[in-house]
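User: Hi! I have a new model open and would like a friendly walk through it. Could we start with the empty spaces and then look at some residues?

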Amino acid sequence: MSLRFSAIESIARESGDAPAPASTKITAIFNENVFTLKTAREYLSDEAYKSLASSIRGGKKIDRAVANQIANGLRAWAESKGVTHYTHWFQPLTGTTAEKHDSFFTLKSDGTAIEEFDGAALIQQEPDASSFPSGGIRATFEARGYTAWDPSSPAFIIEIGHGKTLCIPTIFISYTGESLDYKAPLLKAVESLSKAAVDVCNYFDKNVTKVTPTLGWEQEYFVIDEALANARPDLIQCGRTVFGASPAKGQQLEDHYFGSIPERVYAFMRDYEQEAYKLGIPLRTRHNEVAPAQFECAPIFEEVNIAVDHNTLLMDVMSRVAKRHKLVVLLHEKPFAGINGSGKHNNWSMATDTGVNLLAPGKTPKTNLMFLTFFVNTIKAVHDYADILRAAIASAPNDHRLGANEAPPAIISVFVGQYLAKVLADVEARVNTKFDEQDEAILKLDLHRSIPELMLDNTDRNRTSPFAFTGNKFEFRAVGSSANCGISMTVLNTIVADTLRKFKTDVDALIEKGDKKEIAIMHVIQKYIVESKKVLFEGDGYSDEWHHEAERRGLPNLKTTPIALDALLTDKAKKLFESTGVYSHTELEARHEIELEKYIKKVQIEARVMGDLAINHIIPAAVKYQNELLSNINGLKAAGLPETAYSSQLEILKKVSEHIQVIHTKVHAMVEARKVANNIENTRTKAIAYESQVKSAFFDEIRYHVDKLEQLVDDDIWTLPKYREMLFLR
């Protein structure tokens with residue numbers, strides 16, 4: 001029996017799900033495994049506690065002597081929970097997390113065994129940097145790299161089976177100081193944004209001393225049965241199906257979205273949520289997404305650095321917990337063709353230390369000058385740096401998703417809604433006139449008496465926009481589901497910081513010429529609206545018309561990763577990141593090289609998997625079916641029946657033979673094209689060759705013929721689980 005039918009039989013025989021944990025009040029377990037300031041108060045001296053709190057809240061450096069006290073407190077807390085090992089938990093440029101566990105156990109000079117954790121071990125470790133992507137910054141023989149403690153993100157305890165490990169969130173840098181991770185540049189971008197935003201905020205409120213970017217991510221993912229996934233080598237090795245005919249029922253009935261959560265998945269959700277709550281991840285929402293077997297979770301907004309850590313941690317937790325339930329979580333942006341892919345919508349805003357959301361319009365946005373300032377500056381930033389923002393979301397998996405089945409196109413545009421679009425038009429046309437008060441619009445819902453009156457939102461939703469204003473935040477919808485949020489958040493915070501710095505310079509220049517502050521601000525806002533209005537788009541981003549319109553407007557449409565990544569090496573990008581202190585020229589070039597190498601390797605792996613499946617699964621099954629057809633036809637001939645008795649079999653045999661021939665020929669040609677691409681030394685040229693001469697030249701055509709065979713070959717012979725099984729059996 002093939003793995004496919006064994007998997008289907010196992011699902012029918014038993015549900016296979018582990019019991020979900022008993023219902024527990026969330027507040028009773030939230031932060032249970034996190035070294036919060038509240039917990040630190042119990043385990044640290046006053047001196048150590050104040051030093052840690054100052055570092056978290058104000059970014060002040062922790063003295064090494066005090067670090068010893070903090071380390072001892074951390075160890076005491078961890079040991080009280082059964083922890084024996086610790087690790088520096090970091091996010092290298094592989095796209096996953098990394099950790100090297102060390103025990104608290106050590107031996108004194110006289111052989112006495114003790115448990116120890118000192119400040120030096122807390123603050124810094126020295127992992128091998130040569131085995132992580134560095135884009136040429138570090139050679140293989142130059143192995144030294146450093147992880148350094150990030151006190152702003154609290155330490156936590158991860159539980160894997162019966163083992164527990166204390167995890168210290170850290171940055172990761174090379175021996176020569178260049179960042180080799182996602183966290184270090186993000187922290188620099190946050191600092192740059194805070195400084196620029198505070199300077200602008202002080203036009204309106206001198207009490208503002210800090211501005212913090214906030215993030216609320218929405219994580220989409222697929223869940224399928226583990227046995228079915230294990231029977232698909234493409235899912236195991238690529239995270240997506242390279243072949244698969246669309247089932248008769250997909251998502252066309254729209255019956256999965258917000259539907260009743262399947263019991264087995266519900267048990268899994270409750271299980272990973274409890275793990276997340278213990279780790280301080282403030283999950284709030286769970287629901288079915290549009291595609292069958294697709295789901296989503298979302299947390300309460302947090303400071304961007306912690307939010308990125310939490311999302312990265314959650315992806316690991318989800319994948320691990322799924323195994324308990326004999327399920328597999330697919331975080332790939334497009335695991336199944338013909339239905340929705342998965343994104344990670346990044347809902348971003350800015351908050352002051354005085355408690356103001358800088359992107360909250362209030363009741364009268366026309367007169368809310370501070371809101372308008374930050375709103376317009378964000379739009380201007382997206383307009384000016386659309387190509388760099390596109391590069392931030394570029395990857396081989398996301399190329400499959402962008403522009404397909406309710407995913408935003410590769411064209412970066414901004415949706416603000418009809419009302420705010422009119423506000424911008426009014427500012428552009430009548431900058432020196434007073435605006436009328438906005439009439440409060442009340443929408444009365446008469447569906448039921450218990451439903452209260454609701455304020456009519458000032459913006460609608462536009463699911464086709466890659467960057468949309470949604471009431472009090474911007475939603476960056478084009479980020480891929482498997483991506484580390486740190487990449488897009490680093491770029492977004494940097495471009496807004498740079499735009500705000502320019503804004504302050506422009507306003508100050510007008511004030512020096514004699515304009516009143518408010519008039520100067522309005523004049524610069526008007527200028528920015530005029531300069532950036534071509535990036536505003538309120539229509540259907542999925543339409544062909546938009547692609548033509550965007551081209552007329554001169555907006556970039558960078559459809560593939562190798563081309564999109566070029567934006568990182570422009571003089572504009574170098575000036576942007578160096579002036580804000582986020583990336584050096586060397587770090588930027590290294591990231592460009594790393595992302596190209598990732599692209600090449602992922603396309604290369606997919607090509608190899610396609611070849612393997614075609615030669616070892618698809619063609620053998622088709623040939624076996626050919627033989628059955630031939631046996632049937634010859635038998636009917638031998639019985640003396642006329643050709644009309646087996647004409648249908650002959651037609652099927654002809655089609656099967658044609659598909660086999662094309663698949664074999666194209667796979668051979670794809671292998672040869674890959675060999676040619678592999679001999680190209682320049683990484684960018686090689687990536688472009690893999691995109692144009694391997695992926696675009698062969699993937700879709702080979703898939704077309706394989707999927708046609710799936711619909712022709714006897715179901716009992718087909719070895720790979722089909723879409724109807726993976727998407728609907730659980």
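**Cavities, cores and a few residues**

Analyst: Sure! Searching the whole structure turns up three cavities of 30 Å³ or more. On a 1 Å grid over the protein atoms alone, a cavity is a set of points where a 1.4 Å probe fits but cannot get out. Points are joined across faces, edges and corners, and the volume is the space filled by probe spheres set on them.

User: Is there anything I should know about the model before we go on?

Analyst: Yes: this is a predicted model, where local features need pLDDT of at least 70 and side-chain atom pairs count only at pLDDT 80 or more, while totals for chains, interfaces and linings use all residues. Residues are numbered from 1 along each chain as its sequence is written, and side-chain values use heavy atoms, with hydrogens and water left out.

User: OK! How much space lies in the second largest cavity?

Analyst: About 70 Å³. Its lining residues, which have an atom within 4 Å of a point, include Val34, Trp89, Phe156, Asp309 and His310.

User: What classes of residue are in that lining?

Analyst: Seven are nonpolar, two polar and one charged. Here Ala, Val, Leu, Ile, Met, Phe, Trp, Tyr, Cys and Pro count as nonpolar, Asp, Glu, Lys and Arg as charged, and the others, Gly among them, as polar.

User: And which helix gives the most to it?

Analyst: Helix H11 (residues 304-324), with three residues. Helices are DSSP runs of H or I with at least four residues, strands are runs of E with at least two, and both are numbered from the N terminus.

User: While we're on H11, is Thr312 buried or exposed?

Analyst: Thr312, which sits in helix H11, is buried, with a relative accessible area of 6%. Buried means under 20% relative accessible area, exposed means over 50%, and partly exposed is in between (1.4 Å probe, protein chains only).

User: What does Thr312 touch?

Analyst: Not counting residues up to four places away in sequence, Thr312 touches Trp89, Gln91, Thr97 and Asn484. A contact means heavy atoms within 4.5 Å. Trp89 also lines the second largest cavity.

User: New topic. How many residues are in the largest nonpolar core?

Analyst: That core has 162 residues, and Tyr221, Phe268, Tyr272, Phe374, Phe375 and Ile525 are those with the most contacts inside it. Its largest share, 18 residues, comes from helix H21 (residues 585-638). A nonpolar core is a set of buried Ala, Val, Leu, Ile, Met, Phe, Trp, Tyr and Cys residues joined through side-chain atoms within 4.5 Å. There is also a second, separate core of 28 residues, including Ala67 and Tyr86.

User: What is Tyr272 in contact with?

Analyst: Leaving aside neighbours within four places in sequence, its contacts include Tyr221, Leu283, Cys297 and Leu314.

User: You listed Ile525. Where is that one?

Analyst: Ile525 is one of the buried residues of H17. Helix H17 (residues 517-532) has 16 residues and reaches 22 Å from its first C-alpha to its last, close to the 22 Å expected at 1.5 Å a residue. The expected span is 1.5 Å times one less than the number of residues.

User: What do the buried residues of H17 pack against?

Analyst: Three helices: H12 (369-384), H15 (418-429) and H16 (485-512).

User: And Phe374 and Phe375, do you know a residue they touch?

Analyst: Leu359 touches both Phe374 and Phe375, and among its other contacts are Trp348, Phe371 and Phe469. Leu359 is in the loop between strand S14 (344-352) and H12, and it is buried, with a relative accessible area of 0%. Its C-alpha is 9.3 Å from that of Trp348, which is 11 residues away in sequence.

User: Last thing: which residue has a positive phi of about 65°?

Analyst: Asn31, although it is not a glycine. Most residues other than glycine have a negative phi. Asn31 is in the loop between helix H2 (26-29) and helix H3 (37-43), and at 24% relative accessibility it counts as partly exposed.

User: Where is Ala293, and is it buried or exposed?

Analyst: Ala293 is in the loop between strand S10 (283-288) and strand S11 (294-299). It is buried, at 0% relative accessible area, and its phi is also positive, near 70°.

Notes
On a 1 Å grid over the protein atoms alone, a cavity is a set of points where a 1.4 Å probe fits but cannot get out, and a pocket is an open set with protein on both sides within 12 Å along at least five of seven lines; lining residues have an atom within 4 Å of a point.
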